[in-house]
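Colleague: Please take me closely through one part of this model, starting with how its helices are set against one another, and then place that part within the rest of the assembly.

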Amino acid sequence: MAEPTAAGLDRSTSDRSTPGAEIARRLIMGAGGVGLVFVVLAVVAAVAAPWLAPYDPIALNPPARLQGPSALHWLGTDQYGRDTLSRIVHGGRASLSVAFAATIFALLVGGTLGALAGFYLGALDTAIMRFTDVLLSFPAILLAIALLAFLGSGFANLVLAIGVVYVGPFARVARAAVLTVREEQFVEASRALGSRDLRILTGAVIPAAAAPILVETTLRLAYALLAEASLSFLGLGTQPPAPSWGMMIAEGRRYLALSPWATVAPGLAIMVVVLGFNLLGDGLRDVLDPRLRRRR
Amino acid sequence: MLIFLLRRLLLTIPTLLGVALIVFALMRAIPGDVVTGLVGLEGNVAPERMDELRRMFGLDLPVHVQFGQWLMALLQGDLGSSLRTGRPVAVDLVLRFPVTLELTVLGLLIALIVAVPLGVTAALNRGRWLDAAGSLFVLLGLSIPGFFLGILLILAFSLQLGWLPPAGYVPFAEAPLDNLRHMLLPAASLGLILAAATTRIVRSSLLETLGRDYVRTARAKGLRERTVTYRHALRTALIPVVTVVGLQFGQLLGGAVIIEQVFSLPGVGRFALEGINLRDYPTVQGAVLLIAAAFVAVNLVVDVLYAVIDPRVRYG
């Protein structure tokens with residue numbers, strides 16, 4: 001029973017390899033390629049932070065405080081004399097890991113809920129979508145603030161707070177994507193072969209519905225990064241002394257008039273990485289589904 | 001239309017109930033409970049006294065009874081009293097909500113004033129440098145955090161140029177002009193970001209409409225291009241813009257929480273954040289409920305407005 005399905009899947013993946021290379025080429029040649037470069041640079045910088053950063057990000061050096069850019073400190077120093085560049089490179093670890101973890105959480109929970117809703121429809125669909133409606137009836141950042149206010153801060157709670165907020169959007173996108181493919185012939189074929197529901201879902205439906213979900217994931221990473229920055233700015237996210245971009249802006253702004261560098265540099269870091277995810281997401285949407293192109 | 005309105009109104013009831021349930025559940029999820037939170041800051045308290053306090057808050061009752069009592073109080077407008085000041089939370093919210101409302105409405109106005117002309121210009125100059133400049137504005141606006149934009153505006157217009165105050169609030173009733181001077185930068189921080197998303201939608205919606213048959217008919221009738229664009233195409237093109245802007249307007253309420261903090265505006269969001277720092281849970285709960293309720297109300301208005309503008313929606 002499993003044989004023909006497996007063979008069918010193999011053939012379909014090998015058939016897709018050439019268009020796959022074509023899609024990758026078009027993505028990299030376009031603005032999506034620029035986005036990919038920004039994202040990869042940020043991830044590499046965050047992972048290699050201990051080797052890349054010229055100074056210890058939390059070592060105090062009061063005599064060198066609030067300096068502008070110089071040969072010693074490329075992006076200047078903050079109010080404790082800590083090197084801004086080193087803090088940005090290290091801060092990327094907190095910001096990016098929270099954004100990735102929260103988005104994956106939302107993808108797994110929201111994607112599963114949405115796929116189940118779109119696949120089974122009926123009462124399950126109604127229940128799941130009502131639940132996501134309620135989640136979506138809070139302004140996104142407010143729900144995250146409320147969660148952190150009551151649960152307390154910390155990495156896990158931060159991931160949970162941002163992740164829960166995006167469960168709703170992921171559920172909607174996954175449901176819509178599954179709805180468009182559930183009546184397709186290859187789904188019917190899988191069913192006719194006697195596959196069980198789980199196999200139909202994971203073997204036929206989800207791979208076919210993956211494109212919009214992938215695009216959503218990339219764009220959500222941008223939102224998650226903005227959310228982490230906002231929450232850290234408010235003092236609800238990553239806790240000192242470990243640096244994060246939002247917190248650096250909050251600390252630096254008290255000395256804005258004296259030394260704007262400590263504030264502006266981490267802000268630009270956020271912008272560049274968020275821009276990277278936005279460009280990559282837009283690029284993916286354009287190459288994966290040209291029909292979607294004109295809607296936005 | 002009446003039936004549509006009634007049905008839509010009825011649909012908000014389970015949503016509001018769900019919102020209340022989530023906020024209630026969050027209150028129970030506080031590590032320890034309200035009493036340990038409260039007492040923890042006061043010092044040593046005998047366990048008997050803590051139990052007494054729990055009874056006072058009704059924490060010894062079954063959860064569903066607690067929820068029922070809490071909901072009944074909520075429906076009567078009783079949001080409890082601040083653990084810090086002892087003042088009813090509802091009173092402070094009524095005082096502070098106008099600030100948040102003014103901020104979001106001004107933000108929306110700025111967004112529309114910027115986005116509609118920009119989106120139209122981009123669409124009419126498709127593929128040329130004006131279009132590219134518009135796209136750049138959109139991308140930057142979607143990538144900048146609102147609080148950072150606010151700080152950059154303070155840096156430029158308050159610290160460097162000295163044109164506008166960097167923080168503070170003056171009630172509109174006292175000094176209207178001074179009030180607007182204080183609100184301009186915060187509203188711009190919210191509005192410019194919303195403008196980015198809106199420009200994108202105005203542009204693509206207008207491009208789509210310009211390709212429709214009736215627009216071609218209007219041109220074929222010999223109408224001037226200006227008339228075709230503004231009288232015929234733009235009207236239809238703005239319909240999807242209403243929905244998106246409406247939904248985004250709700251998100252502005254969330255953004256306002258952060259912007260109020262940046263500019264020290266005494267709105268509901270700042271009230272909530274002060275409550276968080278002081279572990280004043282009734283305050284946080286009241287502010288969150290109010291903003292969520294306002295968000296649901298805005299979405300309701302948008303839906304109804306949409307049905308008024310586009311009659312097809314009602315029968316769909």
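Modeller: Axes are lines fitted to C-alpha atoms, for helices over the stretch in contact, and angles run from 0 to 180 degrees between N-to-C directions. The model is a predicted one, and the part I would choose is H11(A), the helix that spans residues 210–233 of chain A. In those terms, the axes of H4(A) and H11(A) cross at roughly 135 degrees and come within 8 Å. Because an angle has to be over 145 degrees to count as roughly antiparallel, H4(A) is classed as oblique to H11(A). The crossing in which H4(A) passes H11(A) is right-handed.

The residues behind this crossing can be listed from each side. H4(A) contributes A:Ser95, A:Val98, A:Ala99, A:Ala102, A:Thr103, A:Ala106, A:Leu107 and A:Gly111, and these meet A:Ile213, A:Thr217, A:Arg220, A:Leu221, A:Ala224, A:Leu225, A:Glu228 and A:Ala229 of H11(A). Sorted by class, the contact of H4(A) with H11(A) comprises ten nonpolar, four polar and two charged residues.

One residue of that list, A:Val98, also lets us look across to another helix. The C-alpha atom of A:Val98 is separated by 8.6 Å from that of A:Ala156, although the two residues are 58 residues apart along the chain. A:Ala156 itself belongs to H7(A), which covers residues 155–165. Is A:Ala156 buried or exposed? A:Ala156 counts as exposed, because there are 10 C-beta neighbours inside 10 Å.

H11(A) has a second partner in H8(A), which runs over residues 167–181, and here the packing angle is about 165 degrees with the axes 9 Å apart. That angle makes H8(A) roughly antiparallel to H11(A). The crossing of H8(A) past H11(A) is again right-handed. On the H8(A) side, A:Pro169, A:Phe170, A:Val173, A:Ala174 and A:Ala177 take part, and they meet A:Pro212, A:Ile213, A:Glu216 and A:Arg220 of H11(A). The contact of H8(A) with H11(A) has seven nonpolar and two charged residues, with no polar ones. A:Ile213 and A:Arg220 therefore appear in the contact with H8(A) as well as in the contact with H4(A).

A further neighbour of this region is H12(A), residues 245–252, which is mostly covered, since eight of its eight residues are buried. Those residues are A:Trp245, A:Gly246, A:Met247, A:Met248, A:Ile249, A:Ala250, A:Glu251 and A:Gly252. The buried residues of H12(A) pack against H4, H11 and H13 of chain A, and also against helix H7 of chain B, residues 146–160.

This brings us to the contact between the chains, which takes 36 residues from chain A and 41 residues from chain B. H11(A) is among the helices that each supply at least two residues to the side of chain A that touches chain B, together with H5(A), H6(A) and H13(A). The most comes from H6(A), which gives nine residues to that side. By class, the side of chain A that touches chain B holds 24 nonpolar, six polar and six charged residues.

The wider setting of chain A is helical, with 13 helices and zero strands. Of its 296 residues, 51% count as buried. Among the contacts in chain A with a separation of 6 or more, 70% join residues 24 or more positions apart.

One backbone detail lies just beyond H4(A): A:Leu121 sits in the loop between H4 and H5 of chain A, and its phi is near 50 degrees, a positive value in a residue other than glycine. A:Leu121 is partly exposed, with 14 other C-beta atoms within 10 Å. Chain B offers a parallel case in B:Ser264, which has a positive phi of about 50 degrees without being a glycine. B:Ser264 is placed in the loop between H10 and H11 of chain B.

As to confidence, the model scores ipTM 0.82 and pTM 0.83. Chain B averages a pLDDT of 81, and 90% of the residues score at least 70. Within chain B, confidence is highest in H5(B), at 89, and lowest in H13(B), residues 312–315, at a mean of 58. Where pLDDT is low, the predicted coordinates should not be read in detail.

Notes
Residues numbered from 1 in each chain as written. Chains lettered and ligands numbered in written order. Predicted model: local features only at pLDDT ≥ 70, side-chain atom pairs only at ≥ 80, totals over all residues. Contact = placed C-beta atoms within 7 Å. Helix = DSSP H or I, 4+ residues; strand = E, 2+ residues; numbered from the N terminus. Nonpolar A, V, L, I, M, F, W, Y, C, P; charged D, E, K, R; others polar. Buried ≥ 20, exposed ≤ 12 C-beta atoms within 10 Å, placed from the backbone. pLDDT = per-residue confidence, 0-100. Parallel < 35°, antiparallel > 145°, perpendicular 65-115°, else oblique. Left-handed = near helix turned anticlockwise from the far one by under 90°.
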